[in-house]
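Hi,

Here is the structure I promised to pass on. Have a look at it first, and my notes follow underneath.

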Amino acid sequence: MKHSANYSTTQRTRCGQGGPARRIGRSLALVLPVVMVLSGTLAVTRVNWSGDPSDSVLTASDVSAAHQSSHNAAKAPQDVLRDQLLTELQEKDPGVALTHLQAAVNGKPSLARHCSSIARALGRAAVRAYGPSRAQSFSRPVCDTAFASGVLAARG
């Protein structure tokens with residue numbers, strides 16, 4: 001009789017405390033919704049929403065490239081102008097870039113406070129592209145003598 005009494009006590013203890021199956025079931029009840037939400041979110045990010053079949057799945061590099069392009073789009077006007085003029089200096093010559101710098105400052109007076117730093121950058125770039133003597137020959141009175149000081153700074 002002791003054996004059957006012991007068995008029933010063990011049986012009641014398992015059922016009363018829930019047992020391992022019940023604990024696993026409760027854990028799954030808490031974890032499963034989270035897993036389903038995350039997997040659903042990941043599935044939505046993998047859908048080609050653009051409709052263009054050449055577009056591939058969105059990857060982390062695509063996100064960083066989009067962030068980078070939005071960062072470039074948010075550049076300050078003086079930074080955009082400086083980049084354009086540096087490109088123009090390489091493609092044409094420093095004289096053309098300086099003429100366009102003066103025109104930009106005349107057209108948008110808010111750029112005047114950045115004129116000297118842009119002209120110095122052009123002077124340094126001109127020395128790298130043309131050498132110090134030739135770069136100095138392009139000097140103009142744009143933004144006082146900032147271009148010439150950029151040439152001088154790049155020399156020494």
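I started with a pair of charged residues: the side chains of Arg82 and Asp79 form a salt bridge, with 3.1 Å from N to O. Please keep in mind throughout that this is a predicted model. Both residues belong to helix α4, which covers residues 77-91, and at 3 residues apart they are separated by about one helical turn. Neither end is hidden away: Arg82 is partly exposed at 28% relative accessibility, and Asp79 is partly exposed as well, at 24%.

Arg82 has another partner too. Its side chain meets that of Asp83 in a salt bridge of 3.6 Å, N to O. Asp83 in turn is bridged to Lys75, with 2.5 Å between N and O. For these two the accessibility values are 26% for Asp83, which makes it partly exposed, and 35% for Lys75, also partly exposed. Put together, Lys75, Asp79, Arg82 and Asp83 are linked in a network of salt bridges. The count for the structure comes to 3 salt bridges.

Now the overall picture. The protein has 8 helices and 0 strands, so the order of elements from the N terminus is simply α-α-α-α-α-α-α-α. The chain has 156 residues, and buried residues make up 22% of them. The protein exposes about 11000 Å², with carbon and sulfur atoms supplying 60% of that area. As for how the chain comes together, take the contacts between residues at least 6 apart in sequence: 64% of them join residues at least 24 apart.

Next, the inside. In soluble globular proteins, nonpolar side chains tend to be buried together. Here the largest nonpolar core has 23 residues, and the members that touch the most others are Leu81, Leu85, Leu101, Leu122, Cys143 and Phe147. Helices α4, α5 (94-107), α6 (115-130) and α8 (146-155) each supply at least two residues of this core. The top contributor is α6, which gives 7 residues.

Which residues does Leu122 touch, once those up to four places away in sequence are left out? The list is Leu85, Leu86, Leu89, Ala97, Leu98, Leu101 and Phe147. I'd pick Leu122 as a starting point if you want to click your way through the core.

Helix α8 is worth a look of its own. Its buried residues are Ala146, Phe147, Ala148, Gly150 and Val151, and they pack against α5, α6 and α7, the last of these covering residues 132-137. Arg155 also sits in helix α8, but with a relative accessible area of 46% Arg155 is partly exposed. Leaving aside neighbours within four places in sequence, Arg155 is in contact with Pro132 and Ser133. Arg155 and Val127 are 28 residues apart along the chain, yet their C-alpha atoms are 7.3 Å apart in space.

On to the aromatics. A pair of aromatic rings is described by the distance of the centres and the angle of the planes. The structure holds 1 aromatic pair. Tyr130 and Phe138 make up this pair, and the arrangement is tilted, with 5.4 Å from centre to centre and 55° between the planes. Is Phe138 buried or exposed? With 14% relative accessibility, Phe138 counts as buried, because the limit is 20%.

Last, something on the outside. Leu30, Val31, Leu32, Val35 and Met36 make a nonpolar surface patch of about 510 Å². One of these residues, Met36, is found in helix α2, which runs over residues 19-45. Met36 has a relative accessible area of 55%, and since the line for exposed is drawn at over 50%, Met36 counts as exposed.

That's what I have for now. If you open the model, my suggested route is the salt-bridge network of Lys75, Asp79, Arg82 and Asp83, then the contacts of Leu122, then the patch with Met36.

Cheers

Notes. Residues are numbered from 1 along each chain as its sequence is written. This is a predicted model: local features need pLDDT of at least 70, side-chain atom pairs count only at pLDDT 80 or more; totals for chains, interfaces and linings use all residues. Side-chain values use heavy atoms; hydrogens and water are left out. A salt bridge is a side-chain nitrogen of Lys or Arg within 4 Å of a carboxyl oxygen of Asp or Glu. Buried means under 20% relative accessible area, exposed over 50%, partly exposed in between (1.4 Å probe, protein chains only). Helices (H or I, at least four residues) and strands (E, at least two) are DSSP runs, numbered from the N terminus. Patches are made of residues with over 30% relative accessible area and no salt bridge: like charges are joined within 9 Å, nonpolar side chains (Val, Leu, Ile, Met, Phe, Trp, Tyr) within 5 Å. Accessible areas come from the Shrake-Rupley method with a 1.4 Å probe; for residues, only the protein chains shown count as cover. Rings of Phe, Tyr and Trp (its six-membered ring) pair if their centres lie within 6.5 Å; planes under 30 degrees apart count as stacked, over 60 as edge-to-face and the rest as tilted. Contact means heavy atoms within 4.5 Å. A nonpolar core is a set of buried Ala, Val, Leu, Ile, Met, Phe, Trp, Tyr and Cys residues joined through side-chain atoms within 4.5 Å.
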